[in-house]
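Here's a set of exercises to work through with the model open beside you. Try each one before you read its solution.

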Amino acid sequence: MLLLIATNLEKNQKIKEAGLYKQFWVSFDMGPKNMAVVLKNEQYLIAMFQPVFGKLVEYGRQMRILQRKTDRQRRANNPDNYNPDGTIKKGKRLKWKRSKGYIETQAKIRELHRLVKETRKAALNELSSTLVALGCLFKTEKNKYKSWQSNYGKSVGSYAPSYFIKDVYSKAENAGNEAVKLPLKNALSQMCVCGVKRKKNLSERLHSCECGCISQRDILSAYLGLFCSPDLGEWESIAREYHNADRQLLTASHRVYSSQAASRQNSGFVLCLDKRQQSCSCRNEDGHLGENFGNVQVFKDLKTLVGELSLNRKSVQLSSGIPCL
Ligand SMILES: [Zn+2]
C-alpha cells in the first residue's frame, strides 16, 4: 500500500513537471469490452483505446495455450466419452478420468486467472489515479452496466467498466473536481462531428461519414462526449469548431485500429496530437495526411506519453534559456 502511494506521488510529480496537472477535460466511452478515453486541453488532444489491455495480452496468449493443452489431455484420458466427430457424447452421465498432468494444467489455468485479475485491478487503479491527476473535468454516459452481464472475472480481454468508472469518479470528487454523467439518449456512438446520426451495429468498430470524418468508433464517441453537457442533453456545436484541428487524431485512430486488427495485435494504443506544433511536410497537396499521421504521435501507453511530454517541456525550457547570439 505504501509502495503504491509512493509510486502515485512520483507519477504526480512527473505530471506536474510536464505542466499537465489538472489540465484536461476527460471523457470516457465505456462498453462491455471496449474502453476509450479522450483528454483535451488547449494544446493537446490525447486518445486512448483499451488502455489496460496491453498488460494482459501475454496472459491471453498463455491462457489459450493452456486451454488447448487441457482439452487434449481430457480427450486422451477419456476417449470413450467422445463421438467420432470429436463432440462430447450426450445422454447418459459420463465418467471423467483425470490424469496427474490434467490436474496440473488445471491448477496452472487457475493461477493464470488469478494473475489476470490482479494485474487488471492494479492497472485500472494506476490508470484512474493518473487520469485524476491529469483531469479537472470528467464526463461519461450513464451506462446501464448491470445489463451488460459481461464475465470480466474470467475473460482476459474484458475489464470491469462499472468498477473503473466508480473509482475514477470517487477519486475525482475527493480531489474537488467536477464529474458529470451524460444522458444516454444522446447516443454518442451513433453521432458524427457534422451532426449526422446513423445507427451502427455493435460489430462496427470504425466510423466513416460522408462529411469526410473517419475515426475509431469508441474514440469518436468519447471525443463527442467532451462537447456534451448534461443540461442541454445534446452535443454542442463547438465540436464543429474544434474538429478541423482535431480530425488528424480521429483519422489516425481509424488507421491504427485497422492496422492492429489486420495483424491481430489488439494491444490498445495511445495517440497524442500537439496542436501548437507546426504542421509538418507529411501533408499531401490535397491536404490529406501521410501515413505518419502528421502531428499525431503513437505511444504504447499513457505512462510513456507523460514521460515524453515532460522531456519535451524540459528541452523547450532549456533551449529558451540559451542566450541569442
Ligand atoms: Zn459526418
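**Exercise 1. A loop residue**

Is K22 buried, partly exposed or exposed?

*Solution.* Start with the ground rules: this is a predicted model, where local features need pLDDT of at least 70, side-chain atom pairs count only at pLDDT 80 or more, and totals for chains, interfaces and linings use all residues. Residues are numbered from 1 along each chain as its sequence is written.

Next, the cut-offs: a residue is buried if 20 or more other C-beta atoms lie within 10 Å of its own, exposed if 12 or fewer, and partly exposed in between, with C-beta atoms placed from the backbone. K22 has 16 other C-beta atoms within 10 Å, so K22 is partly exposed.

Then find K22 on the chain: it sits in the loop between α1 (2–17) and β1 (24–30). Check its backbone too: K22 isn't a glycine, yet its phi is positive, about 55 degrees.

**Exercise 2. Another positive phi**

Now do Q50: where does Q50 lie?

*Solution.* Q50 is in the loop between β3 (44–49) and α2 (57–77). Its phi is positive as well, about 45 degrees, and Q50 is not a glycine. Now count: Q50 has 23 C-beta neighbours inside 10 Å, so it counts as buried.

**Exercise 3. Lay out the sheet**

In what order do the seven strands of the open sheet come?

*Solution.* Helices here are DSSP runs of H or I with at least four residues, strands are runs of E with at least two, and both are numbered from the N terminus. By that count the protein chain has eight helices and nine strands.

Two strands pair if DSSP finds at least two bridges between them. The open sheet reads β5-β4-β1-β2-β3-β8-β9, with mixed pairing. At the edges are β5 (178–182) and β9 (296–299), each with a single partner strand, so one side of each has no neighbour in the sheet.

Now zoom in on β1:
- β1 and β2 pair antiparallel over six bridges, and a hairpin of four residues joins them.
- D29 stands opposite A36 in β2.
- β1 and β4 (residues 135–141) pair parallel over five bridges.
- Across to β4, V26 has F138 as its bridge partner, and F24 has G135.

Six of the seven residues of β1 are buried, so the rest of the structure largely encloses it.

**Exercise 4. Helices on the sheet**

Which strands does α6 touch?

*Solution.* Begin with α5 (residues 161–174), which lies across β1, β2 (35–40), β4 and β5 and runs at about 145 degrees to β4. Helix α6 packs on the sheet too, touching β1, β2, β3, β4 and β5, and its direction makes about 40 degrees with that of β2. These angles run from 0 to 180 degrees between N-to-C directions, with axes fitted to C-alpha atoms, for helices over the stretch in contact.

How covered is α6 (residues 217–225)? Nine of its nine residues are buried, including R217 and D218.

**Exercise 5. Into the core**

Which helix gives the most to the largest nonpolar core?

*Solution.* A nonpolar core is a set of buried Ala, Val, Leu, Ile, Met, Phe, Trp, Tyr and Cys residues joined through C-beta atoms within 7 Å. The largest one has 60 residues, and those with the most contacts inside it are A36, V37, V38, I46, A47, I219 and L271. The top helix contributor is α3 (residues 100–134), with seven residues.

Follow L271 one step further. Two residues are in contact if their C-beta atoms, placed from the backbone, lie within 7 Å. Leaving aside neighbours within four places in sequence, the contacts of L271 include I46, A47, V296 and V298.

**Exercise 6. How far to trust it**

Which element has the lowest mean pLDDT?

*Solution.* pLDDT is the predictor's confidence in each residue, from 0 to 100. The chain's mean is 83, and 84% of its residues reach 70 or more. Helix α4 (residues 145–148) has the lowest element mean, 71, while β3 has the highest, 96. Watch residues 280–291: pLDDT stays under 50 there, although the model has 13 contacts beyond four places in sequence for that stretch. Over residues 321–325 pLDDT is also below 50, with zero contacts beyond near neighbours in sequence.
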